[in-house]
Amino acid sequence: NSLSNDLVPGLWSKVSYLSLKPLGAWMEDYIRRVRFFQLWLNTGTPASFWISGFFFPQGFLTAALQSHARRYKCAVDTLSYSFTVRVMESGEDV
């Protein structure tokens, strides 16, 4: 019934990222996410990350801080992020 109504099936949405998109757009987004992680796996750590592509981005950001703290032997609670929003013309600007 979900497929004919262009809805993400309940069994899928229970174990996937939160989204209000209809099924077609959800599948396109899902494929983009898989490609992002496949590229990361095949070619190594990317120069930049598609943060909203993560299932739980807070976990990724916390893990990055913890990894840095362990590597440089400093307290994780002394670390923080600083962001600068930049206007980009295309993906090549990243």
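Colleague: Where do Trp26 and Tyr30 sit relative to each other in helix H2?
Modeller: In this predicted model, Trp26 and Tyr30 are four residues apart in helix H2, which spans residues 23–43, so about one helical turn separates them.

Colleague: And how buried or exposed is each one, starting with Trp26?
Modeller: Trp26 is buried, with a relative accessibility of 5%. Tyr30 is partly exposed, and its relative accessible area is 40%.

Colleague: Let's move along the helix. What kind of aromatic pair do Phe36 and Trp50 form?
Modeller: Phe36 and Trp50 are edge-to-face, with 90 degrees between the planes and 6.1 Å centre to centre.

Colleague: Which parts of the chain does that pair tie together?
Modeller: Phe36 belongs to helix H2, while Trp50 is in the loop between H2 and helix H3 (57–72), so the contact ties together parts 14 residues apart in sequence. Phe36 is buried too, at 14% relative accessibility.

Colleague: Which residues do ring pairs link into a cluster?
Modeller: The cluster joins Phe36, Phe37, Trp40, Phe49, Trp50, Phe54 and Phe60.

Colleague: Nice. How many aromatic pairs does the count come to?
Modeller: The count comes to 16 aromatic pairs. One of them is Trp26 with Tyr30, a stacked pair at 5.5 Å centre to centre and 5 degrees between the planes.

Colleague: Switching to charges: what sits over the ring of Trp50?
Modeller: The charged end of Arg32 does, 4.5 Å from the ring centre. Arg33 also lies over the face of Trp50, at 5.7 Å from the centre of the ring.

Definitions and conventions. Residues numbered from 1 in each chain as written. Predicted model: local features only at pLDDT ≥ 70, side-chain atom pairs only at ≥ 80, totals over all residues. Heavy atoms only, no water. Phe/Tyr/Trp six-rings, centres within 6.5 Å; stacked < 30°, edge-to-face > 60°. Helix = DSSP H or I, 4+ residues; strand = E, 2+ residues; numbered from the N terminus. Buried < 20%, exposed > 50% of the residue type's maximum accessible area, 1.4 Å probe, protein only. Lys NZ or Arg CZ within 6 Å of the ring centre and 35° of its normal.
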